[in-house]
Amino acid sequence: MHGQAPNRIAYIDMEYILANVPEYQEASAQLEMRVQEWRNELEKDQKKVENMKIALEQERPLLTKELIEERLANIQFEESRIAEYQQKRFGSNGDFILQKKRLIQPVQDQVFNALQEIGEQRNYDYIFDRTSNVGMVFSAEKHNISDQVLRIITRAAGRQQLSSRDEIEQMEREENRTVEQDAVVNERQEAAKAVQTEREKLVEQRKIERDSIRAAKQKEFDERRAKVLEERQRKKDSTEAARNQKKGNN
């Protein structure tokens, strides 16, 4: 086997490719809008049930046993309906998972076609996706051909409207760049993104802090309300016990 050429191996980052395909991003944005609608529907129904519980506790002294049981049955029915809706939308076989799969499939097909072209043109023996379960535990960045795949998808989709010879030559130079040349270009681009990334991290951190404060306030409110209801029930039970004792003495 002396003199045999080593295998030519490359890999892609599917998550990186998906994040840079406009069609996928547009469809993701539409799906996110739909998901937000589902969440709003859940929050509205949950608020409705919470109001039903509060109303029951406030009106309990005025209600008969039968009416109380009826109210409780209605609450249980609404809670069951909410659980079913949540499973339907966000369960393991829910609408979100199914639509996410349908969203990814067309882009995966484009990637597969691009990989066939790159593999044949550059004589690669193997190309792996490091984001899938292929068992790859190490990969040198110089083998990453994700940007080349993106360029071919962009060209095939006709998103680059070339109007001059210079633009055509520029596109051809980009498509023929080696992985090592890509690394130099990417390093410059990553440096430009670093400032933006840091700014986004700061915004996200502030959001997390606001959400944490809001959650703490909500918890404090819930605990205070629970104590009020508990005290009200305790007084009611005490009054009822005193009334029963008085009747017994008579």
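This report describes side-chain interactions in a predicted model, from a buried aspartate to salt bridges and aromatic rings.

**Surroundings of D13**

D13 is located in the loop that connects β1 (9–12) with α1 (14–19). Its relative accessibility is 12%, so D13 falls under the 20% limit for a buried residue. The side chain of D13 is engaged in a polar contact with the side chain of R130, at 3.1 Å. When residues up to four places away in sequence are set aside, D13 touches D129, R130, T131, N144 and S146. R130 therefore appears both in this list of touching residues and as the polar partner of the D13 side chain.

**Salt bridges**

A total of 12 salt bridges is found in the structure. Three of them are set out below, each with the separation of nitrogen and oxygen and the relative accessible area of both residues.

| Pair | N to O distance | Accessibility, residue one | Accessibility, residue two |
|---|---|---|---|
| E57 and R60 | 3.1 Å | E57, 23%, partly exposed | R60, 18%, buried |
| R81 and E78 | 3.0 Å | R81, 32%, partly exposed | E78, 11%, buried |
| K88 and D95 | 3.4 Å | K88, 46%, partly exposed | D95, 19%, buried |

In the bridge between K88 and D95, K88 is partly exposed at 46%, whereas D95 is buried at 19%. The limit for a buried residue is 20%, so D95, with 19%, is still counted as buried. Salt bridges with shared partners connect D45, K48, E78 and R81 into one network.

Within that network, R81 and E78 are bridged directly, with their closest N and O atoms 3.0 Å apart. Both residues belong to helix α3 (residues 65–90), where a spacing of 3 residues corresponds to about one turn of the helix. E78 is buried, at 11% relative accessible area, while R81 is partly exposed, at 32%.

The side chains of E57 and R60 form another salt bridge, with 3.1 Å from N to O. Here the acidic residue E57 is partly exposed at 23%, and R60 is buried at 18%.

**Aromatic rings and a charge over a ring**

A pair of aromatic rings is described by the distance of the centres and the angle of the planes. The structure contains 2 aromatic pairs. In one of these, the ring centres of W38 and F90 are 5.9 Å apart and the planes stand at 75°, so the arrangement is edge-to-face. This pair joins distant parts of the chain: W38 belongs to helix α2 (residues 22–59) and F90 to helix α3, with their positions 52 residues apart in sequence. W38 is buried, having a relative accessibility of 5%, whereas F90 is partly exposed at 29%.

The rings of Y126 and F128 make up an aromatic pair of the stacked kind, with 6.2 Å from centre to centre and 15° between the planes. Planes under 30 degrees apart count as stacked, which is why the angle of 15° places Y126 and F128 in that class. Both members of the pair are partly exposed: Y126 has a relative accessibility of 42%, and F128 has 29%.

A further contact involves a charge and a ring. The charged end of R8 is positioned over the ring of Y124, at 4.8 Å from the ring centre.

Notes:
Residues numbered from 1 in each chain as written. Predicted model: local features only at pLDDT ≥ 70, side-chain atom pairs only at ≥ 80, totals over all residues. Heavy atoms only, no water. Helix = DSSP H or I, 4+ residues; strand = E, 2+ residues; numbered from the N terminus. Buried < 20%, exposed > 50% of the residue type's maximum accessible area, 1.4 Å probe, protein only. Polar contact = N/O pair within 3.5 Å; in protein donor to acceptor, adjacent residues only side chain to side chain. Contact = heavy atoms within 4.5 Å. Salt bridge = Lys/Arg side-chain N within 4 Å of Asp/Glu carboxyl O. Phe/Tyr/Trp six-rings, centres within 6.5 Å; stacked < 30°, edge-to-face > 60°. Lys NZ or Arg CZ within 6 Å of the ring centre and 35° of its normal.
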